[in-house]
Amino acid sequence: MSSSRGDHFSASSLEPLPVIIIGNGPSGICLSYLLSGHIPYVRPDAVHPHPLLQRKLAEAPGVSILDQDLDYLSEGLEGRCQSPVALLFDALLRPDTDFGGNLESVLTWRQEKQRAIPHVVLGRNLPGGAWHSIEGSMVTLSQGQWMGLPDLQVKDWLKKKRRGLRNSRATAGDIARYYRDYVVKKGLSRNFISGAVVTNVQWGAPEPSGSGAQGPSPLFQVSGFLTTKDQSRQPFSLWTHNVVLATGTFDSPAWLGIPGEALPFVHHDLSALEAATRQGVVTPASDPVLIVGAGLSAADAVLFARHYNIPVVHAFRRPVDDPGLVFNQLPKMLYPEYHKVHQMMREQSFLSPSPYQGYRSLPEHRPLLFKEDSQAVFQDAQGGQQVFGVSLVLVLIGSHPDLSFLPGAGADLAMDPEQPLSAKRNPIDVDPFTYQSTRQEGLYAVGPLAGDNFVRFVQGGALAVASSLLRKETRKPP
């Protein structure tokens with residue numbers, strides 16, 4: 001355990017921390033940067049191309065963005081996101097990116113150490129979160145420049161590494177290294193604790209004796225364990241005035257809920273196909289790999305299998321021309337490989353024999369069960385049944401956040417508490433300008449948990465939380 005780890009955990013039992021961030025992906029990293037006293041100001045010589053926003057920015061020269069009215073500044077902005085503060089921060093960082101421009105940010109960053117708020121970031125993996133679990137050669141969906149965090153552009157970082165963007169996009173491996181490097185370069189390492197698994201968060205508990213802290217805010221107890229180098233588990237328990245949920249949604253893959261789904265040849269993660277290929281369990285001579293799903297993870301699996309000439313049966317419940325399919329929402333010039341998969345899905349479903357050797361598309365097919373003899377049974381669009389022999393099954397139909405460490409697994413925090421928590425359909429209900437839970441004071445959610453699903457937009461949530469926490473600090477009695 002590093003000395004910084006020891007400092008956090010030895011002091012934790014005596015004095016509550018102001019903030020604990022659970023999750024060390026892009027949202028958690030960006031928030032740590034802001035809470036470490038890095039304060040954004042508008043450059044005096046900057047002119048924003050959005051005239052209304054420029055007029056508002058000019059009304060408060062020399063006042064940091066964190067100290068301005070985010071509601072007022074973001075009013076009237078439109079873009080590819082529902083969050084007004086996410087649109088605002090994106091517009092300040094990348095002023096004309098949606099119009100194909102490359103104007104530099106209108107922001108300048110000043111370090112004001114006296115405004116830093118002590119905090120700790122708990123993460124299972126290295127800083128970067130789930131990006132370290134993605135196959136390194138995969139190309140990001142978003143443009144590389146949209147993956148960057150404040151004050152360190154991805155393209156500049158890549159240039160120093162003597163690497164470049166591929167068709168304006170980066171590899172997942174490069175982005176994972178960028179996030180890890182960002183934490184080091186920005187001096188944030190002492191705030192980050194890797195190998196930390198949170199198992200329980202409670203609030204409303206009395207303050208631990210000896211803290212001497214008073215105030216109306218609830219106190220949170222965050223418990224879990226650290227995985228040490230020898231793989232043993234070291235329990236911890238921390239007290240804090242504010243908790244920020246930044247865990248993303250990749251913890252718990254969605255299941256079909258059909259018989260046989262727990263059989264050993266059925267998996268819910270692309271890494272299972274990578275491992276089976278590496279170990280020679282699946283080869284070009286094997287029975288086909290069954291891939292269930294019609295999103296980008298399923299498309300990545302198809303591309304991976306095709307690269308190694310592994311035969312594929314690709315099943316999905318929607319028609320190939322369904323406008324809701326993600327392929328129909330991606331520009332062909334930027335995403336040629338995904339449009340190739342969509343073309344395969346479409347052409348193979350109408351033509352027989354297949355124009356793509358080793359690939360078979362099954363649109364409007366619903367899996368019914370998986371058998372122990374490695375057979376998959378489907379119902380087709382006409383209600384008939386079909387059976388396929390397979391070597392491996394990948395069910396890639398999305399994922400759910402794992403908030404099992406919260407009371408009721410966080411269900412009461414969702415916009416509709418009667419429905420399952422979902423990043424796309426039923427995120428945590430937060431105030432749009434502070435990202436604080438509408439149901440629990442001191443509890444915040446950022447990133448996909450709050451409905452922001454792209455790195456480019458999760459940073460707005462971090463801005464809103466930092467602004468809210470700084471205002472709380474200024475309201476504290478001396």
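**Exercise 1. The helix α2 and what follows**

Which residue just after α2 takes a positive phi, and of about how many degrees? Then work out whether α2 is enclosed or open to the surroundings.

*Solution.* A word before we start: the model you are looking at is predicted.
- Step 1: go to the end of α2; just after this helix you meet Gly37, with a positive phi of about 90 degrees.
- Step 2: now look at the helix itself, which spans residues 26–35. Its buried residues include Pro26, Gly28, Cys30, Tyr33 and Leu35.
- Step 3: ten of the ten residues of α2 are buried, so this helix is largely enclosed by the rest of the structure.

**Exercise 2. Positive phi away from glycine**

Find where Ser374 and Tyr435 sit, and decide for each whether the residue is buried or partly exposed.

*Solution.*
- Step 1: Ser374 has a phi near 65 degrees, a positive value in a residue other than glycine. You will find Ser374 in the loop that links β14 (366–371) and β15 (375–379).
- Step 2: the relative accessible area of Ser374 is 22%, so Ser374 counts as partly exposed.
- Step 3: for Tyr435, phi is near 60 degrees, again positive in a residue other than glycine. Tyr435 belongs to the loop between β18 (399–400) and β19 (443–445).
- Step 4: buried means under 20% relative accessible area. Tyr435 has 2%, and is therefore buried.

**Exercise 3. Reading a sheet**

In what order do the five strands of the open sheet lie, and which are the edge strands?

*Solution.*
- Step 1: follow the parallel pairing from strand to strand, and you get the order β10-β17-β11-β12-β13.
- Step 2: the edge strands are β10 (266–267) and β13 (359–363), because each of them pairs on one side only.
- Step 3: zoom in on one pair. Strand β11 (residues 289–292) runs parallel to strand β12 (residues 312–316), and four bridges join them.
- Step 4: to see the two strands side by side, pick Val292, which stands opposite Ala315 in β12.

**Exercise 4. Charged pairs**

How many salt bridges does the count come to? Examine three of them and say how exposed each partner is.

*Solution.*
- Step 1: the count comes to six salt bridges.
- Step 2: in one of them Asp45 pairs with Arg43, with the closest N and O atoms 3.0 Å apart. Asp45 is exposed at 58% relative accessible area, whereas Arg43 is buried at 18%.
- Step 3: Glu59 forms a salt bridge with Arg55, and here the closest N and O atoms are 3.2 Å apart. Glu59 is partly exposed at 45%, and Arg55 is partly exposed at 46%.
- Step 4: Arg439 and Asp429 meet through their side chains in a salt bridge of 3.9 Å, N to O. Both lie in the loop between β18 and β19, so the pair ties together parts that are ten residues apart in sequence.
- Step 5: in that pair, Arg439 is partly exposed at 38% relative accessibility, while Asp429 is buried at 18%.

**Exercise 5. A patch of charge**

Which residues form the negative surface patch, and where does Asp71 sit?

*Solution.*
- Step 1: the patch is made by Asp69, Asp71, Glu75 and Asp431.
- Step 2: Asp71 is placed in helix α4, which covers residues 70–74.
- Step 3: a patch residue must have over 30% relative accessible area. Asp71 has 38% relative accessibility, and so counts as partly exposed.

Methods
Residues are numbered from 1 along each chain as its sequence is written. This is a predicted model: local features need pLDDT of at least 70, side-chain atom pairs count only at pLDDT 80 or more; totals for chains, interfaces and linings use all residues. Side-chain values use heavy atoms; hydrogens and water are left out. Patches are made of residues with over 30% relative accessible area and no salt bridge: like charges are joined within 9 Å, nonpolar side chains (Val, Leu, Ile, Met, Phe, Trp, Tyr) within 5 Å. Accessible areas come from the Shrake-Rupley method with a 1.4 Å probe; for residues, only the protein chains shown count as cover. A salt bridge is a side-chain nitrogen of Lys or Arg within 4 Å of a carboxyl oxygen of Asp or Glu. Lys and Arg count as positive and Asp and Glu as negative; His and the chain ends are not counted. The place of a charge is taken as NZ of Lys, CZ of Arg, CG of Asp or CD of Glu. Buried means under 20% relative accessible area, exposed over 50%, partly exposed in between (1.4 Å probe, protein chains only).
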